[in-house]
Amino acid sequence: VVLDFMSSDYSNKDEKVYSIRYEYDFKNARVGDVSLNGLRFMTRYAKGENIDLLQYGDQRFKEESMEFDLGYKIPEGKLKGLGMRARFSHYRNDMPTNMTFHSTNETRLNVDYTFKF
């Protein structure tokens, strides 16, 4: 299983990963007369434990992240499929500082377009 996280890949040796994800698609939601079709929200939490970094002997490490993603994709018309997303990740680990992933907060703004062939 591939986990699509912003700040880590959760694929360390012997790592046990627990993850929960919630998504909501606003396609049938309305605010007054305005349709929210195209709006989507996602949040997820993951925790990785028992990470074996061979060069550190019997020491075990852990990592965790909380992510939020709010996006809008134009549902119809000439720009159908064009979308924008705001993504935020809060990531922490107790691994040595020379490792690839570091504790961080990260915000990304994405412009997405889906091509249909």
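**A tour of the sheet, its aromatic pairs and its salt bridges**

Begin by selecting Y56, which is partly exposed at a relative accessible area of 27%; here buried means under 20% relative accessible area, exposed over 50%, and partly exposed in between, with a 1.4 Å probe and protein chains only. What you have open is a predicted model, in which local features need pLDDT of at least 70 and side-chain atom pairs count only at pLDDT 80 or more, while totals for chains, interfaces and linings use all residues. Residues are numbered from 1 along each chain as its sequence is written, and side-chain values use heavy atoms, with hydrogens and water left out.

**Aromatic pairs**

The structure contains two aromatic pairs, where rings of Phe, Tyr and Trp (its six-membered ring) pair if their centres lie within 6.5 Å, and planes under 30 degrees apart count as stacked, over 60 as edge-to-face and the rest as tilted. Select Y24 together with F26: the ring centres are 4.7 Å apart and the planes stand at 80°, so this pair is edge-to-face. Then return to Y56 and add F61, whose ring forms an edge-to-face pair with that of Y56, at 5.8 Å centre to centre and 80° between the planes. F61 is buried, with a relative accessible area of 5%, whereas Y24, in the other pair, counts as partly exposed at 37% relative accessibility.

**The sheet**

Switch next to a cartoon view and look for the five strands that form an open sheet in the order 1-4-5-6-7, with antiparallel pairing; strands are DSSP runs (E, at least two residues), numbered from the N terminus, and two of them pair if DSSP finds at least two bridges between them. The edges of this sheet are strand 1 (16-25) and strand 7 (104-113), each of which pairs on one side only. From one strand to the next the twist averages 10°, with axes taken as lines fitted to C-alpha atoms and angles running from 0 to 180 degrees between N-to-C directions.

Now show strand 1 beside strand 4 (residues 39-52), since these two pair in the antiparallel sense over 10 bridges. To find one point of contact, select I20, whose bridge partner in strand 4 is Y45.

**Salt bridges**

Turn on the charged side chains: the whole structure has 12 salt bridges, each being a side-chain nitrogen of Lys or Arg within 4 Å of a carboxyl oxygen of Asp or Glu. Select E23 and R40, which form one with their closest N and O atoms 3.4 Å apart. This pair links distant parts of the chain, with E23 in strand 1 and R40 in strand 4, 17 residues apart. Both ends are partly exposed, E23 with a relative accessible area of 42% and R40 with 25%.

Move along strand 4 to R44, which forms a salt bridge with E67, the closest N and O atoms being 2.9 Å apart. R44 lies in strand 4 and E67 in strand 5 (residues 60-73), so the pair ties together parts that are 23 residues apart in sequence. Are these two residues buried or exposed? R44 is buried, at a relative accessible area of 5%, and E67 is buried as well, at 1%.

Select D52 and R60 for another salt bridge, where the closest N and O atoms are 3.4 Å apart. D52 counts as buried at 10% relative accessibility, while R60 counts as partly exposed at 37%.

For the last stop, which residues are linked with E23 and R40 in a network of salt bridges? Add R21, D69, R85, R87 and D112 to the selection, and the network is in view.

Terms used
Helices (H or I, at least four residues) and strands (E, at least two) are DSSP runs, numbered from the N terminus.
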